[in-house]
Amino acid sequence: MPLSEHEQRLFEQIERSLAEDPKFASAVRASDPRFHARRRLLVAAGAIIVGLALLVYGAVIKTPPLAVAGFVVMLGSAAYAVQSHRKAQSPDLHVVGGTTSRRRPRGRSSGKRSSFLDRMEDRWRQRPEGHR
């Protein structure tokens, strides 16, 4: 349904006033899950670089525990980055007065279980009215 001219003007006024408000812009940015995911990815990338530096430094001065610690830091940072990326790809959705569906896990057992549960829910919904 298209907006009337009056509604469009009001909408543009609201948009301009919100764009000029720095507190509102920072509040919206702070509540954006993509902003947090981007920041976590940057932190993880920095930690991977630090881990690589520890690994190389430990190898150069021939200190295996330092090199191993650098590798562990790199491995943990990579896991953190992957986890952050996955969270960014499928954020939790909250709808007021509605329902949302989340992506199902992609495991072997969960795929069978989810399809079984889906079939059971379909059967429950399709049962005759007299059996409720």
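The protein exposes about 11,500 Å², and 62% of that comes from carbon and sulfur atoms. Accessible areas here follow the Shrake-Rupley method with a 1.4 Å probe; for residues, only the protein chains shown count as cover. This is a predicted model: local features need pLDDT of at least 70, side-chain atom pairs count only at pLDDT 80 or more, and totals for chains, interfaces and linings use all residues. Residues are numbered from 1 along each chain as its sequence is written, and side-chain values use heavy atoms, with hydrogens and water left out.

**Exercise 1. State the secondary structure of the protein and the order of its elements.**

Step 1. Helices (H or I, at least four residues) and strands (E, at least two) are DSSP runs, numbered from the N terminus.
Step 2. The tally is 5 helices and 0 strands.
Step 3. From the N terminus on, the order reads α-α-α-α-α.

**Exercise 2. Check the length of helix 4 and place Ser84.**

Step 1. The expected span of a helix is 1.5 Å times one less than its number of residues.
Step 2. Helix 4 has 26 residues, so it should span 38 Å. Its end C-alpha atoms are 38 Å apart, which agrees.
Step 3. Ser84 lies in this helix, residues 64-89.
Step 4. Buried means under 20% relative accessible area, exposed over 50%, partly exposed in between (1.4 Å probe, protein chains only).
Step 5. Ser84 has a relative accessible area of 2%, so it is buried. Ala67, Gly70, Ser77 and Ala81 are also buried in helix 4.
Step 6. Contact means heavy atoms within 4.5 Å. Not counting residues up to four places away in sequence, Ser84 touches Ala37, Arg40 and Leu41.

**Exercise 3. Find the salt bridges of Arg125.**

Step 1. A salt bridge is a side-chain nitrogen of Lys or Arg within 4 Å of a carboxyl oxygen of Asp or Glu. The count comes to 2.
Step 2. Arg125 pairs with Glu121, the closest N and O atoms being 3.6 Å apart. Both lie in helix 5 (residues 108-126), 4 residues apart.
Step 3. An α-helix has 3.6 residues a turn, so residues three or four places apart point the same way.
Step 4. Asp122 also forms a salt bridge with Arg125, with closest N and O atoms 3.6 Å apart. Shared partners join Glu121, Asp122 and Arg125 into one network.
Step 5. Arg125 is exposed, at 55% relative accessible area. Glu121 is partly exposed at 38%, and Asp122 is partly exposed at 37%.
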